[in-house]
Amino acid sequence: QMERDLDTKLQWVAIDHHNTDDDHVHLLVRGVRDDGRPLQIDREYLKLGMRGRSQEIVTRELGPRLEPEILRARERVIRKEQWTEIDRTLQRKANESGLVTYEQFQPRSNAACVRAEQDVARLRFLEGLGLARRVGEASWELSQDHERNLRERQQSKDIIKSRARSQRRDIDHGLDRGFDRRRDRSG
């Protein structure tokens, strides 16, 4: 689908990861068009287009996500120091000065009420991180750099986890080599 959207053949590889709380896929695309020119992808397509295309394909293949599944997924990320689907929702709800308000909110369904409660819980968590400031009974102002800050926190944690896993593997391999050496000496 990206080849049709970008009007060029692409060389790419996808890597699925199961090393975090949420399984995910990394997509690597070679930055060269099929005619040899550099591949330049519009920032909005990277942010929204690829996600939208992916969601369309998954929905076509697996069917739509059920509301309870979506709400459970949102619940799991309320207290995560990373950029989440709830943050994207808050960003869309924010006005030009970053104000998100639930002062006049009237839920039209139980699910809408749960979503709003999750959004407010996330805003309170962001407030604790210094990334949102309460400005009313049910209103918060998001910091200008809250997306960048959350993405940096996530990347930092991913690097720390990756290093810890690497150190564990090194230790495990060292123990294996030490065991092999003892076995060699003992015959």
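The following questions and answers go through the cores, one loop residue, an aromatic pair and a buried serine of a predicted model.

In this predicted model, local features need pLDDT of at least 70 and side-chain atom pairs count only at pLDDT 80 or more, while totals for chains, interfaces and linings use all residues. Residues are numbered from 1 along each chain as its sequence is written, and side-chain values use heavy atoms, with hydrogens and water left out.

Student: Which element gives the most residues to the largest nonpolar core?
Tutor: A nonpolar core is a set of buried Ala, Val, Leu, Ile, Met, Phe, Trp, Tyr and Cys residues joined through side-chain atoms within 4.5 Å; buried means under 20% relative accessible area, exposed over 50%, partly exposed in between (1.4 Å probe, protein chains only). The largest has 20 residues, and L90 and L142 are among those with the most contacts inside it. At least two residues each come from α4 (85–93), α5 (110–128) and β5 (139–142), where helices (H or I, at least four residues) and strands (E, at least two) are DSSP runs numbered from the N terminus. With five residues, the element giving the most is α5.

Student: How many residues does the second core have?
Tutor: This core is separate from the largest one and includes M2, L6, L39 and Y45. Its residue count is six.

Student: What is the phi of D7?
Tutor: D7 lies in the loop between α1 (2–6) and β1 (12–17). D7 is exposed, at 66% relative accessible area. Although D7 is not a glycine, its phi is positive, at about 55 degrees.

Student: Is the ring pair of Y102 and F105 stacked or edge-to-face?
Tutor: Rings of Phe, Tyr and Trp (its six-membered ring) pair if their centres lie within 6.5 Å; planes under 30 degrees apart count as stacked, over 60 as edge-to-face and the rest as tilted. Y102 is buried at 9% relative accessibility, whereas F105 is partly exposed at 33%. Their ring centres are 5.7 Å apart and the planes stand at 70 degrees, so the pair is edge-to-face.

Student: Which side chain makes a polar contact with the side chain of S139?
Tutor: S139 sits in strand β5 and is buried, with a relative accessible area of 6%. Beyond neighbours within four places in sequence, its contacts (heavy atoms within 4.5 Å) include L99, V100 and R133. A polar contact is a pair of N or O atoms within 3.5 Å; within protein, one must be able to donate a hydrogen and the other to accept it, and residues adjacent in sequence count only if both atoms are side-chain atoms. At 3.0 Å, the partner of the S139 side chain is E103.
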